[in-house]
Each structure stands twice: as C-alpha cells, then as structure tokens.
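Visitor: Could you walk me through this one and tell me how the labels were earned?

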Amino acid sequence: MGIRIEEHPILGVQEKGKLIKFTFDGKEVEGYEGEPIAAALKAAGLMVHRYTKKEHKPRGIFCAIGRCTDCVMVVDGIPNVRTCITPLKEGMVVKTQYGVTDIPFEDIKKAKENDG
C-alpha cells in the first residue's frame with residue numbers, strides 16, 4: 001500500500017489499526033481501521049471521490065480537515081460523507097458521489113431517455 005498521512009492537522013497522530021477490507025465502487029480495497037477513508041483511498045491510488053453536479057468535474061482531497069466538500073462520498077448508503085475525517089471501518093461500502101447520489105450521470109441520462 002502507498003504513502004500514508006502520518007499526522008493529520010485536525011485528527012492528530014494516527015494510531016495504525018489493523019489492516020481491514022472495504023469496498024470502493026464494488027472493488028475490494030484495504031486500509032487501516034480508524035484512518036480517514038480518504039487516506040486509505042489515497043494510499044490505494046484512488047484520488048477521485050466525487051463529480052460536481054453542474055459541470056461533472058472530478059474532485060478529491062482538497063483541505064483534508066472537513067471544511068470543504070471535495071472529498072464527500074456515499075458511505076454505507078449515506079451521501080455527503082466527508083471522507084477526510086470519517087474513520088474507516090471493516091466492511092464499509094464507499095462509492096463515488098455523482099452530484100448528490102451514487103448513480104453515475106450517464107446512467108441517470110439513459111434512464112431519463114428510456115422513460116421519455
């Protein structure tokens with residue numbers, strides 16, 4: 001696994017928990033229990049956390065202290081979770097956020113075309 005954040009500006013020095021598994025967009029990923037979800041994703045080389053609603057632009061870690069919304073993702077079915085300050089737990093289901101949902105924009109567009 002890649003480089004990790006040793007000392008977080010808000011959360012302080014991180015005690016390395018046990019190595020656990022969680023899913024990111026349906027793929028199994030490993031991280032350390034208790035570290036921020038965003039840190040585990042970064043260590044795995046996964047940098048895009050969401051796409052903006054209006055322009056569909058990718059976003060990822062920016063402030064890393066919970067002030068902005070660039071790292072929000074859908075975690076265990078709950079949208080808008082700030083992954084830079086949310087501790088990782090075994091079995092979490094983490095999904096890329098598209099606007100305010102975990103449904104990719106292309107799928108939403110196709111569904112609307114099929115309904116119309």
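Guide: Sure. This is a predicted model. Let's begin with two rings: Y98 and F105 are both buried.

Visitor: Why is Y98 called buried?
Guide: Y98 has a relative accessible area of 16%. Buried means under 20%, so Y98 gets that label.

Visitor: What makes Y98 and F105 an aromatic pair, and what kind is it?
Guide: Their ring centres are 5.7 Å apart, and the rule asks for centres within 6.5 Å. The planes of Y98 and F105 sit at 85 degrees; over 60 counts as edge-to-face, so that is what this pair is called.

Visitor: How many aromatic pairs does the rule give?
Guide: The count comes to two. Besides the pair just described, Y51 pairs with Y98, at 5.4 Å centre to centre and 10 degrees between the planes. Planes under 30 degrees apart count as stacked, so Y51 and Y98 are a stacked pair.

Visitor: What does the pair of Y51 and Y98 tie together?
Guide: Y51 is in strand β5 and Y98 is in strand β10, so the pair links parts that are 47 residues apart in sequence. Y51, Y98 and F105 form one aromatic cluster.

Visitor: Why does Y51 count as partly exposed?
Guide: Y51 comes in at 24% relative accessibility. Partly exposed runs between the buried cut-off of 20% and the exposed one of 50%, so Y51 falls in that middle class.

Visitor: Which residues does I103 touch, leaving out those up to four places away in sequence?
Guide: Y98 and I108. I103 itself is in the loop between β10 (97-98) and α2 (105-115). At 40% relative accessibility, I103 also counts as partly exposed.

Visitor: How far is I103 from L88 in space?
Guide: C-alpha to C-alpha, I103 and L88 are 22 Å apart, with their positions 15 residues apart in sequence.

Visitor: Back to strand β5 (residues 50-51), where R50 sits. Is R50 buried or exposed?
Guide: Buried: R50 has 12% relative accessibility, and the cut-off is under 20%.

Visitor: What makes R50 and D70 a polar contact?
Guide: Their side chains come to 3.2 Å, and the limit for a pair of N or O atoms is 3.5 Å, so the label applies.

Visitor: And what else does R50 touch?
Guide: Leaving out residues up to four places away in sequence, the contacts of R50 include K57, P58, R59, T69 and V72, as well as T96 and Q97.

Methods
Residues numbered from 1 in each chain as written. Predicted model: local features only at pLDDT ≥ 70, side-chain atom pairs only at ≥ 80, totals over all residues. Heavy atoms only, no water. Helix = DSSP H or I, 4+ residues; strand = E, 2+ residues; numbered from the N terminus. Buried < 20%, exposed > 50% of the residue type's maximum accessible area, 1.4 Å probe, protein only. Polar contact = N/O pair within 3.5 Å; in protein donor to acceptor, adjacent residues only side chain to side chain. Contact = heavy atoms within 4.5 Å. Phe/Tyr/Trp six-rings, centres within 6.5 Å; stacked < 30°, edge-to-face > 60°.
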